[in-house]
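Got a few minutes to look at a protein chain? Keep the picture open while you read and try to find each spot as it comes up.

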Amino acid sequence: MTAVAPWLVRTTPRQLPRRLLTSADRLAIAAACSIGAAWVHENHDPGALCPLRRLTGIPCPLCGSTTVFMEAGAGHWGAAIAANPITVLAFLLFLAAPIALIDPVSSWSRLSARRRNVFLGVVLALSWLWQLHRFGYLPG
């Protein structure tokens with residue numbers, strides 16, 4: 001049987017309860033951070049944290065990442081996804097890695113530099129287009 005993704009590094013199998021606990025730990029930490037970010041935002045709005053957006057008004061590809069966790073912490077899941085779907089997807093992949101027996105860091109480093117750069121370029125370009133659309137810089 002051939003591997004679907006030969007670059008994908010699998011972790012050694014552990015008992016299912018331990019894998020679930022690792023993912024549960026990650027989820028608990030993310031939930032605590034999200035609730036904390038939502039509380040800080042509600043009680044003291046720091047404004048735009050992105051230096052590019054603060055200085056120029058133009059959002060960067062990662063804009064909305066903090067908003068994702070603030071909205072998720074407040075229970076506004078649709079707003080979290082709308083803020084930056086790439087961040088939501090990356091978080092879900094990070095959360096699911098222990099259950100799927102995947103080592104994302106080793107898998108990433110196993111890719112050639114060219115593939116990593118192309119992948120990052122495409123993801124950042126899509127994210128930036130989303131942010132430019134979200135903030136009204138693109139027509140439509």
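Here is a short tour, from the overall fold to a few single residues.

This is a predicted model, where local features need pLDDT of at least 70, side-chain atom pairs count only at pLDDT 80 or more, and totals for chains, interfaces and linings use all residues. Residues are numbered from 1 along each chain as its sequence is written, and side-chain values use heavy atoms, with hydrogens and water left out.

**The overall fold**

Let's start with the big picture. The chain has 7 helices and 0 strands; helices (H or I, at least four residues) and strands (E, at least two) are DSSP runs, numbered from the N terminus. Going along the sequence, you get the pattern α-α-α-α-α-α-α.

How much of the chain counts as buried? Of its 140 residues, the share is 23%. Here, buried means under 20% relative accessible area, exposed means over 50%, and partly exposed is in between (1.4 Å probe, protein chains only).

**Two ring pairs**

Now for the aromatic side chains. How many aromatic pairs turn up in the whole structure? The search finds 2. Rings of Phe, Tyr and Trp (its six-membered ring) pair if their centres lie within 6.5 Å; planes under 30 degrees apart count as stacked, over 60 as edge-to-face and the rest as tilted. In one pair, the ring centres of Phe 69 and Phe 91 are 6.0 Å apart and the planes sit at 90°, so this pair is edge-to-face. It links distant parts of the chain: Phe 69 belongs to helix H3 (residues 65–73) and Phe 91 to helix H5 (residues 85–96), 22 residues apart.

Trp 108 and Phe 119 also make an edge-to-face pair, with 5.8 Å from centre to centre and 65° between the planes. This pair links distant parts of the chain too, with Trp 108 in helix H6 (residues 104–110) and Phe 119 in helix H7, 11 residues apart.

How covered up are these residues? The table shows each one.

| Residue | Relative accessible area | Class |
|---|---|---|
| Phe 69 | 27% | partly exposed |
| Phe 91 | 21% | partly exposed |
| Trp 108 | 32% | partly exposed |
| Phe 119 | 48% | partly exposed |

**Around H3 and Asn 84**

Back to H3 for a moment. Ser 65, Val 68, Met 70 and Ala 72 are buried in this helix. After H3 comes Gly 75, whose phi is positive, near 85°.

Further along, Asn 84 sits in the loop between helix H4 (77–83) and H5. Is Asn 84 buried or exposed? Asn 84 counts as buried because its relative accessibility is 1%. Its side chain reaches the backbone oxygen of Cys 63 at 3.0 Å.

Cys 63 itself is buried, with a relative accessible area of 4%, and Cys 60 is buried at 16%. How many disulfides does the whole structure hold? The search finds 0. A disulfide is counted as a pair of cysteine sulfur atoms within 2.5 Å.

**A nonpolar patch on the surface**

Next, look at the outside. Leu 52, Ile 58, Val 118, Val 122, Leu 126, Trp 128, Leu 129, Tyr 137 and Leu 138 form a nonpolar surface patch with about 770 Å² of accessible area together. Patches are made of residues with over 30% relative accessible area and no salt bridge: like charges are joined within 9 Å, nonpolar side chains (Val, Leu, Ile, Met, Phe, Trp, Tyr) within 5 Å. (A salt bridge is a side-chain nitrogen of Lys or Arg within 4 Å of a carboxyl oxygen of Asp or Glu.) The areas come from the Shrake-Rupley method with a 1.4 Å probe; for residues, only the protein chains shown count as cover.

Which helix gives the largest share of the patch? That is helix H7 (residues 113–134), with 5 residues. Leu 126 is found in H7 and counts as exposed, at 52% relative accessibility. Leu 129 is in H7 as well, but counts as partly exposed, at 46%. Leu 129 and Pro 61 are 68 residues apart in sequence, yet their C-alpha atoms are 7.7 Å apart in space.

Tyr 137 lies in the segment after H7 and is partly exposed, at 42% relative accessibility. The C-alpha atoms of Tyr 137 and Ile 58 are separated by 8.3 Å, with their positions 79 residues apart along the chain.

Conventions:
Polar contact = N/O pair within 3.5 Å; in protein donor to acceptor, adjacent residues only side chain to side chain.
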